[in-house]
Amino acid sequence: MNLAFDALLALALLWSAWRSLATPDLTRAVVMFIVFGLLMALAWARLDAPDIALAEAAIGAGLTGALLLDALGAFGKRRAGDKP
Amino acid sequence: MNGPARLAVGGLAVALAGALAAAILDLPSAAVDLRGAVAMNLSASGVEHPVTAVLLNFRGYDTLLEIAVLLLALLGMLAVAKPESGGSPPAAADPMLRTLAGVAVPLMILAAGYLLWAGAHRPGGAFQAGAVLAAAAVLLHLAGRLPAWASPKRMLRLGLAGGFLVFLAVSAILLSEGALLRYPLEHAGALILLIEAGLTLSLGLILAGLFLVLAWHPASPSESAGEESKS
């Protein structure tokens, strides 16, 4: 059971990392990055490192994801401003 | 990129990944077992959680420099940001989001306080608590309840630098007693809690600042024209 969960987690990590890098859609890339961060936090928790899991979930997934989404929003606004 | 080149790059990447994996599996076990040393000296650190003991006591110097680096990063951002007047007020957000932020933020502040207190004996501590505080500030900004920062006023500057200053003051006092960041045994727990409380507040403000300074857009005529055409 644990082995199955770990294997699934590892596969999901690789898949989300690949989707985040390979997708042409920036919004989807950012969302997949946040998913990757949350899965990474789970992986740290599975490795008995709850301190790193907390930091990864809060900073890696939460704050970095918010920053990336904000950057995306600013880009979108600038593009909309270019062609009125 | 055409087919063969893509294949060659992919092959090289797979070979590199394989070599890295082999190198990690081939690593010898660590020559010095630091876990044993930490466990042996844990009773002298003033806290019961090994990670907090290492971060704030045994390797406190690293943490001191870490908060200094974060503060410098924010100072660099403030130096290049343009503090012109007439910044954008927070955009009116969805009433649903406003209500949710109003409910969630007090709970997040409570969770940050718990994480700070829990750091002494279980996973938690100043960095996690500060990140939760920063997330609360970002949520408030996204819900339109907290304006972005153009240039921080005196109180905010004091809050940003306060954690580092408290840490530095404790280090300076301890330096005059003998060694940098060697806490006296009977006060170690209280001193660590004091430093962590300052660090939590400052880290929350610094991490939130990384977002709120970037989120501040001066109201340039082209941008406001673009927004008008949209609405």
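These exercises, each with a worked solution, explore a predicted model.

**Exercise 1. Describe the fold of chain B.**
Task: How many helices and strands are there in chain B?

Solution:
- Count the elements. Chain B has nine helices and zero strands.
- Read them from the N terminus. The order is α-α-α-α-α-α-α-α-α.
- Turn to the contacts in chain B between residues at least 6 apart in sequence. Of these, 76% join residues at least 24 apart.

**Exercise 2. Look at the surface of chain B.**
Task: What share of the 231 residues in chain B is buried?

Solution:
- Take the residues. Buried ones make up 33% of the 231 in chain B.
- Take the area. The accessible surface of chain B is about 13700 Å².
- Split that area by atom. Carbon and sulfur atoms account for 70% of it.

**Exercise 3. Map the largest nonpolar core.**
Task: Which element gives the most residues to this core?

Solution:
- Start with size. The largest nonpolar core holds 42 residues.
- List the elements that give two or more residues. Chain A supplies α3 (50-82). Chain B supplies α3 (50-58), α4 (60-80), α6 (126-142), α7 (154-177) and α8 (188-214).
- Pick the top contributor. α8(B) gives the most, with 13 residues.
- Find the members that touch the most others. They are Ile67(B), Phe167(B), Tyr183(B), Ile195(B) and Leu199(B).
- Zoom in on Ile195(B). Beyond its neighbours within four places in sequence, Ile195(B) contacts Leu56(B), Val166(B), Phe167(B), Val170(B) and Tyr183(B).
- Look for another core. One of five residues lies apart from the largest core. Its members include Leu115(B), Leu116(B), Ala129(B) and Val132(B).

**Exercise 4. Classify Tyr61(B).**
Task: Is Tyr61(B) buried, partly exposed or exposed?

Solution:
- Locate the residue. Tyr61(B) lies in helix α4 of chain B.
- Recall the cut-offs. Buried means under 20% relative accessible area, and exposed means over 50%.
- Apply them. Tyr61(B) has a relative accessible area of 46%, so Tyr61(B) is partly exposed.
- Add the company. Tyr61(B), Leu65(B), Leu175(B) and Leu180(B) form a nonpolar surface patch. Together they have about 370 Å² of accessible area.

**Exercise 5. Classify Ala41(A).**
Task: Why does Ala41(A) count as buried?

Solution:
- Locate the residue. Ala41(A) is in helix α2 (residues 26-46) of chain A.
- Check the value. Ala41(A) counts as buried because its relative accessibility is 9%.
- Find what Ala41(A) touches. Leaving out residues up to four places away in sequence, Ala41(A) touches Ala53(A), Glu56(A) and Ala57(A).
- Compare sequence and space. Ala41(A) and Ala58(A) are 17 residues apart along the chain, and their C-alpha atoms are separated by 9.2 Å.

Notes
Residues numbered from 1 in each chain as written. Chains lettered and ligands numbered in written order. Predicted model: local features only at pLDDT ≥ 70, side-chain atom pairs only at ≥ 80, totals over all residues. Heavy atoms only, no water. Helix = DSSP H or I, 4+ residues; strand = E, 2+ residues; numbered from the N terminus. Buried < 20%, exposed > 50% of the residue type's maximum accessible area, 1.4 Å probe, protein only. Contact = heavy atoms within 4.5 Å. Areas by Shrake-Rupley, 256 points an atom, 1.4 Å probe, with all protein chains shown as cover. Core = buried A, V, L, I, M, F, W, Y, C linked by side-chain atoms within 4.5 Å. Patch = residues over 30% accessible without salt bridge, like charges linked within 9 Å, V, L, I, M, F, W, Y side chains within 5 Å. Salt bridge = Lys/Arg side-chain N within 4 Å of Asp/Glu carboxyl O.
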